[in-house]
Amino acid sequence: MTTDHLTHFDATGQAHMVDVGAKAETHRIAIATGSIRMKPETLAIIMNGTAKKGDVLGIARIAAIMASKRTSDLIPLCHPLALTKVAVDFETDVANASVHCKAQVETYGKTGVEMEALTSVQVGLLTVYDMCKAVDRGMVMSNIRVTEKHGGKSGDWSATS
């Protein structure tokens, strides 16, 4: 398979779920990242734990983990996967009035977990937005992307390589 071949379309151009039945099961890992920029005052509320809805980053972490497990319910042609690990970390960035999210998702299976990692990050950041929108509706999510993937036929890939 070349990188210019779209696997979710058959020979007639119809969308279909990719057949992964003949693929080998391997340990697969994907890491995705993203950020949400906000007013410095909003970041202070998050860092001080004074948001009216509760522990913003703790709740966002749980939401991100839950979202990774539901990815195939949200993305129509995504395979349902038995995930073996989901780790979500948030880092506050005072200099840029931002929160950065990193999700690492793993499985032993026939297809990768990039979509699960991306979904995890996006929902984690959406949860930060939801919990803080009463004080800052202008928050901006950005730079949501896969930064690494490991395993499978195509092997390892890194955004820095």
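Guide: Before we start, contact here means heavy atoms within 4.5 Å. Also keep in mind that this is a predicted model.

Visitor: Okay, then which residues does Ile31 touch, not counting residues up to four places away in sequence?

Guide: Start with where Ile31 sits: it is in strand S1, residues 26-37. Its relative accessibility is 6%, and buried means under 20%, so Ile31 counts as buried. Leaving out residues up to four places away in sequence, its contacts are Lys102, Ala103, Gln104, Ala117, Arg145, Val146, Thr147 and Glu148.

Visitor: How far apart are the C-alpha atoms of Ile31 and Ser120?

Guide: Along the chain, Ile31 and Ser120 are 89 residues apart. In space, the separation of their C-alpha atoms is 10.0 Å.

Visitor: Which residues does the UniProt annotation "binding site" cover, and why can we say they gather at one spot?

Guide: According to the unreviewed UniProt entry, the "binding site" covers Leu77, Cys78, His79, Met115 and Glu116. They span 40 residues in sequence, so the chain alone doesn't put them together; what does is that no two of their C-alpha atoms are more than 12.7 Å apart.

Visitor: Are Cys78 and His79 buried or exposed?

Guide: Cys78 lies in the loop between helix H3 (71-74) and strand S2 (83-93), and His79 has its place in that loop between H3 and S2 too. The relative accessible area of Cys78 is 12%, while His79 comes in at 15% relative accessibility. The cut-off for buried is under 20%, so Cys78 is buried and His79 is buried.

Visitor: Which element gives the largest share of the largest nonpolar core?

Guide: That core has 25 residues, and Met38, Ile46, Val56, Phe90, Val99 and Val128 have the most contacts inside it. At least two core residues come from each of S1, helix H1 (40-48), helix H2 (56-69), S2, strand S3 (98-109) and helix H4 (114-132). The largest share, 6 residues, is supplied by H4.

Visitor: Why do the buried residues of H1 line one face of the helix, and what do they pack against?

Guide: The buried residues of H1 are Thr42, Leu43 and Ile46. Looking down the axis of H1, they fall within an arc of 100 degrees, so they line one face. Pro40, Glu41 and Asn48 are exposed on the other side of H1. The buried residues pack against H2, S2, S3 and H4.

Visitor: Which residue follows H1, with a positive phi?

Guide: Just after H1 comes a residue whose phi is near 70 degrees. That residue is Gly49.

How values were computed. Residues are numbered from 1 along each chain as its sequence is written. This is a predicted model: local features need pLDDT of at least 70, side-chain atom pairs count only at pLDDT 80 or more; totals for chains, interfaces and linings use all residues. Side-chain values use heavy atoms; hydrogens and water are left out. UniProt positions are given in the numbering used here, feature names are shortened, and annotations may be inferred rather than shown by experiment. Helices (H or I, at least four residues) and strands (E, at least two) are DSSP runs, numbered from the N terminus. Buried means under 20% relative accessible area, exposed over 50%, partly exposed in between (1.4 Å probe, protein chains only). A nonpolar core is a set of buried Ala, Val, Leu, Ile, Met, Phe, Trp, Tyr and Cys residues joined through side-chain atoms within 4.5 Å. The arc is that of the directions from the helix axis to the C-beta atoms.
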